[in-house]
There are 2 protein chains.
Amino acid sequence: MRKTQTAATRRPEILENFYQVIIAEGIEGASIGKIAKRMNIHPSLIIHYFKNKKNMTAALADFLIEKYEAPEFLRFDHIEDMEKRFHALMDTIFSFEWSRTIDPGVHFCFYYLSFRNPDIRNRYEHIIRRFRDYLIEEFEGYRQKGIVKMSNTRMAADLIVTLMEGLEFHSHFLSEDQPFEHFADKARELAVKMLTADGITA
Amino acid sequence: MRKTQTAATRRPEILENFYQVIIAEGIEGASIGKIAKRMNIHPSLIIHYFKNKKNMTAALADFLIEKYEAPEFLRFDHIEDMEKRFHALMDTIFSFEWSRTIDPGVHFCFYYLSFRNPDIRNRYEHIIRRFRDYLIEEFEGYRQKGIVKMSNTRMAADLIVTLMEGLEFHSHFLSEDQPFEHFADKARELAVKMLTADGITA
DNA sequence: TGGCATAAATTGAACATTCAGTTAATTTAA
DNA sequence: TTAAATTAACTGAATGTTCAATTTATGCCA
């Protein structure tokens, strides 16, 4: 009855379960034993694949990065009209679906961990920087077409990332009865205005 | 040799040490035993004062709120020139000192905890909402003087809080070699422009 | 002023549980 | 046959919490 799997399938399976346990009980509640019980396997098997918990946590970070950088989002090459493409990008960045690419509880769990764990810190920093650099590149393109007016595209990208992350925080504490989209739309409007208006930066 | 203290001094003393241990080792490393060792007292004494760890964590949240709401910041009543008062407020909100009222690691620790702990969640939500409401009130005053132009002051306050929290995130991951102030200044400039420009919201 | 009662502060030792991790044995698949 | 996958049986340390014992401070009454 017992099915034997290979490392290629077992490792991601363990990570997926690790991820789910963190969602339910936080990193402090995510023990190797609990993950094993959830999967009906022996705890030692997890150690066998990851050697220790720190390794496994770093591996989970990589696992999440793959999820985050999945190709389905942020692909706008097919949109030829640059104006439309710009707005499609902005719509995505401030959309609910995009904000839930990774469970927000886990997202901030790793953010929190990054304060004391250099492995996590580096990985997290890397992914955010990649996203920022992607934005810079896009904005540069829009600027050449006269859609984006802000000259300092790096500053522009920094501001968008800042707004995007702050939005997560805001929706957690200040959204009250209103849905995510209500404030997200306003944030997007502001972002667009900022990028497209003349002389927004001195 | 041993000095006996009273609850009024012992409780905050324990919380301060709890706070420090979290800064150094995170919430998952902050055990009652470690706090006790740090203070050269017996672990039971901590239980005696807080009954259990969950209580103590909630008490720490209150303790930090007191720190955060300390009166020295955000007091601008003495500035009569409303224009100057407005800028003093904005300077404070985007200042390094203000952002370090509470250690950022602990700030996000409690943010992280709020996802699964309703006690923390309520307390945290309360303090952020208080701050937002304070901003609304201030902005309303500036609007009557014609300094702030944005008509939806609540939306304005929401945006400032969002920007402020996102800034923390940004400075953690994207600041690179540049100091906190560099990007904070830009964020503040943007915020001021947003609040004072005509027709920024449709 | 001095002793005594009383409550609070503090320690001590033990607890059941959970934790990550080790080592060796066994089963499965190629 | 050989290596990988999986389990079994442990370990030792750390955890939060308990209950009882002991020390310290304080107010009251003689």
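How many nonpolar, polar and charged residues are there in the lining of the largest pocket? I began with this point and found 10 nonpolar, no polar and seven charged residues in that lining. I note at the outset that the model is a predicted one.

**Entry on the pocket.** I looked up the volume of the largest pocket and noted about 420 Å³. It has 17 lining residues, and those closest to the pocket centre are F73(A), L74(A), R75(A), R130(A) and Y134(A). When I asked which element contributes the largest share of this lining, I arrived at helix α8 of chain A, residues 118–144, with six residues.

**Entry on the fold of chain A.** I then went through the secondary structure of chain A, where I counted 10 helices and zero strands, so that I wrote the order of elements from the N terminus as α-α-α-α-α-α-α-α-α-α. For the extent of the chain, I took the box filled by the C-alpha atoms of chain A along the principal axes, which comes to roughly 65 × 35 × 35 Å.**Entry on the cavities.** Searching the whole structure, I recorded seven cavities of 30 Å³ or more, and I followed up the largest cavity, which holds about 370 Å³ of space. Its lining is made of 23 residues, with Y68(A), I102(A), H107(A), Y124(A) and E165(A) nearest the centre. By class, I found 17 nonpolar, three polar and three charged residues in the lining of this cavity. I also checked which elements of chain A each supply at least two of the lining residues, and my list reads α4 (53–68), α6 (96–99), α7 (104–113), α8 and α9 (153–173). Helix α8 of chain A thus appears in my notes for the largest cavity as well as for the largest pocket.

**Entry on the two copies.** Next I compared the chains and found that a rotation of 180 degrees, with 0.0 Å of shift along its axis, superposes chain B on chain A with an RMSD of 0.0 Å. The two copies are therefore related as by a two-fold rotation axis. Which residue of chain B comes closest to the rotation axis? I found G166(B), whose C-alpha lies at 1.9 Å from the axis.

**Entry on the interface.** I noted that the contact takes 53 residues from chain B and 53 residues from chain A. The area buried between chain B and chain A is about 4900 Å², with 68% of it on carbon and sulfur atoms. On the side of chain B, I singled out Y112(B), F169(B) and F173(B), which lose the most area to chain A and together make up 15% of what that side buries. Why do I write that the copies meet through the same surface? I write this because 100% of the interface residues of chain B are also interface residues in chain A.

**Entry on salt bridges.** Over all chains I have 36 salt bridges in the structure, and between chain B and chain A I have six. I looked at one pair across the chains, in which the side chains of E176(A) and R129(B) meet in a salt bridge at 3.2 Å, N to O. For a pair inside one chain I turned to E140(A) and R143(A), whose closest N and O atoms are 3.6 Å apart in a salt bridge. Both E140(A) and R143(A) belong to helix α8 of chain A, where they are three residues apart, about one turn of the helix.

Notes: Residues are numbered from 1 along each chain as its sequence is written. Chains are lettered from A and ligands numbered from 1 in the order in which they are written. This is a predicted model: local features need pLDDT of at least 70, side-chain atom pairs count only at pLDDT 80 or more; totals for chains, interfaces and linings use all residues. Side-chain values use heavy atoms; hydrogens and water are left out. Copies are superposed by least squares on the C-alpha atoms of residues with pLDDT of at least 70 in both. Contact means heavy atoms within 4.5 Å. On a 1 Å grid over the protein atoms alone, a cavity is a set of points where a 1.4 Å probe fits but cannot get out, and a pocket is an open set with protein on both sides within 12 Å along at least five of seven lines; lining residues have an atom within 4 Å of a point. Grid points are joined across faces, edges and corners, and a volume is the space filled by probe spheres set on the points. Helices (H or I, at least four residues) and strands (E, at least two) are DSSP runs, numbered from the N terminus. Ala, Val, Leu, Ile, Met, Phe, Trp, Tyr, Cys and Pro count as nonpolar, Asp, Glu, Lys and Arg as charged, and the others, Gly among them, as polar. Buried area is the accessible area (1.4 Å probe) that two parts lose on being put together, summed over both. A salt bridge is a side-chain nitrogen of Lys or Arg within 4 Å of a carboxyl oxygen of Asp or Glu.
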